[in-house]
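Colleague: Could you take a close look at one part of this for me, the surroundings of the ligand? Follow whatever leads off from there too.

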Amino acid sequence: MRLNEHPILKFKRGREVTIYFNGEPITAHEGEPIAAALHAAGIRVLNYSNNRERPRGLFCAIGKCSSCLMVVNGIPNVRTCITLVEDGMRIEPQRGKAKLPKEAKPPEFRDAKGMKADIVVIGGGPAGLMAAINAADAGARVVLIDENPMLGGQLVKQTHKFFGKREQFAGVRGVEIAKILENEVRKRENVQVFLETSAVGIFQEGDEKLVLGVRKNRELIEFRGRALIVATGAMEKMIPFENNDLPGIYGAGAIQTLMNTYGVKPGDRVLIVGAGNVGLILAYQLIQAGVEVKAIVEAMPKVGGYFVHAAKVRRLGVPILTRHTILRAEGKERVERAVVAQLDDNWRPIPGTEEVFDVDVIALAVGLRPSIELLHQAGCQIRYVRELGGHVAVRDSWMETTVRGIFVAGDTAGIEEATTAMLEGKVAGISAALRLGIAEESWVREIERAQRDLEEFRSGPFGRHVAEGIRKLLAEVGGNV
Ligand SMILES: Cc1cc2nc3c(=O)[nH]c(=O)nc-3n(C[C@H](O)[C@H](O)[C@H](O)COP(=O)(O)OP(=O)(O)OC[C@H]3O[C@@H](n4cnc5c(N)ncnc54)[C@H](O)[C@@H]3O)c2cc1C
Ligand code: FES
């Protein structure tokens, strides 16, 4: 179902087009991804698992898992959460092993188009946007690529106002910050932007880094630069419980994408798992969109997010059940119920405390892990650092990894917030320009300023453990926080 009224957002939909699902016509709008159009038409099952034919639906909605793969115009394995609708598109759920149609001719490597820059930035979230802006201001020619159809990363779905300092957009909504940063990037003639373009590999070619990109699932592009900034963000975590693959179980960010970016209601009744800031903010946003939130369950003995968010949600009548977990999802082809139970001091469910919630959506807000696949493939040294959300690339205080000329920023470097992602992006952008000898020495002062702001930001209760994680990483390269 489509949302037409919202207290904060206005949904400007593109021209109406017709797509065909299993041969049946569906009205969609230009500019929206296939999966969003299908959801608006009430279609949740997007494919069936290979071996056991279990129904699968959308999970991350940002191109980072494989739960939305479908057959589009005969081509299998299309990520329908980031592939935009086109008039006349024919879409089918994917079943079994994917096979290319006989007549399909994959693009030849030697046909790939070439793009050259000083610095290639992968990822157009707050970290990548700030990296591109600062690298460009320091004098570099920049190419910025993102696999989603719009710039802004996670910001494009955040309707709440940010905390922090004024110069770090305190009091401004995430969606607006995304627009401000995008305008800044578009203003700069030395930044070229490629959307709907996935970076699929990083290689060293002489003095240059080669990033292999795939645009709109069709076109190969070879991006070359002397330095590279990886700002690919994070991916939502999954937790084990019975039937956790049923359509209707989404990562919290996926619900925000559907609801706040494309104006599509994810369902009518939701159970949220996780009472950190993401779970709390999501509850509030669901209520804004007219969706009932039955409860938030949290395994820890107390709420993990800010008190102010929890108080707001409680005031709206949503119970937050601490020391509870989800036992299973129930339903045939989609979520129909969720069963939760209380936990004892050893984290085991207490028999007899089971409670059934009549919901059609289960939202998992159980944390993120850094997306480091490209860094790993490029040969950067990787370490597991619990405080940073999982495996991350070892890097120095200027955000350079152990592969010279490859920098990181934002959630890829460790799970934190958009504010710190922007500051790290600034450090990485300037450092890369300095490393190439493009930026003047005076830019070092800007790095130091951003580092001071980062330090200040991390001195609060939520940032302290991140600072500890960074300390561990820097110890490996002999640097300071
Ligand atoms: C519900 C929610 C609420 C939040 N609230 C706040 C808040 O109030 N304040 C705050 O400071 N932070 C908040 N955050 C956190 C903040 O949004 C993230 O920390 C921030 O967006 C991280 O920025 P990033 O640029 O590192 O990554 P992202 O914003 O995730 O951007 C990464 C980009 O990289 C692109 N990408 C990934 N892989 C590839 C590839 N292979 N090829 C090309 N492109 C690729 C993606 O498409 C994406 O656009 C919130 C997050 C969530 C989910
Ligand atoms: S890749 Fe599309 S839902 Fe995750």
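Modeller: A quick definition first: Ala, Val, Leu, Ile, Met, Phe, Trp, Tyr, Cys and Pro count as nonpolar, Asp, Glu, Lys and Arg as charged, and the others, Gly among them, as polar. By that split, the shell around ligand 1 holds 17 nonpolar, 18 polar and 5 charged residues. Keep in mind that this is a predicted model, where local features need pLDDT of at least 70 and side-chain atom pairs 80 or more, while totals for chains, interfaces and linings use all residues. Residues are numbered from 1 along each chain as its sequence is written, with chains lettered from A and ligands numbered from 1 in written order.

Who gets nearest? Of the 40 residues around ligand 1 (C-beta, placed from the backbone, within 6 Å), it's Gly123, Gly125, Gly153, Gly233 and Gly410. The elements giving two or more residues to that shell are α2, β12 (197–205), α4, α5 and α8; helices here are DSSP runs of H or I with at least four residues, strands are E runs with at least two, and both are numbered from the N terminus.

Let's take α5 out of that list. Helix α5 spans residues 277–288, so to speak a 12-residue piece, and reaches 17 Å from its first C-alpha to its last. Its buried residues (20 or more other C-beta atoms within 10 Å; 12 or fewer is exposed, in between partly exposed) are Val278, Gly279, Leu280, Ile281, Leu282, Ala283, Gln285 and Leu286. Over those residues sit, among others, α4 (252–261), β18 (269–273), β19 (292–298), α6 (307–315) and β24 (361–364), with contact meaning C-beta atoms within 7 Å. Just past the end of α5, glycine 290 has a positive phi of about 85°.

Two other shell helices, α2 and α8, bring us to a sheet. That sheet is open and parallel, with 5 strands in the order β11-β10-β9-β15-β28; pairing takes at least two DSSP bridges. β11 (191–194) and β28 (406–408) are the edge strands, each pairing on one side only. Further in, β9 (residues 119–122) and β15 (residues 227–230) run parallel, joined by 4 bridges, and valine 121 faces isoleucine 229 of β15 across that pairing. Helix α2 (residues 126–137) lies across β9, β10 (142–145), β11 and β15. Helix α8 (residues 418–435), for its part, lies across β9, β15 and β28.

One loop leading into this sheet is worth a stop. Glutamate 189 lies between α3 (174–187) and β11. Glutamate 189 counts as exposed because just 8 other C-beta atoms lie within 10 Å. Its C-alpha is 8.7 Å from that of arginine 141, which is 48 residues away along the chain.

For contrast, have a look at the antiparallel pieces. β21, β22 and β23 form an open antiparallel sheet in that order, with β21 (324–330) and β23 (355–357) at the edges. 3 bridges tie β22 (residues 337–342) to β23, and valine 339 has valine 356 in β23 as its bridge partner. Then there's the hairpin of β26 and β27, with 4 residues between the strands and a positive phi of about 95° at glycine 389 in the turn. 4 bridges hold β26 (residues 382–385) against β27 (residues 390–393), with arginine 383 opposite valine 392.

Note on methods. The expected span of a helix is 1.5 Å times one less than its number of residues. Two residues are in contact if their C-beta atoms, placed from the backbone, lie within 7 Å. Axes are lines fitted to C-alpha atoms, for helices over the stretch in contact, and angles run from 0 to 180 degrees between N-to-C directions.
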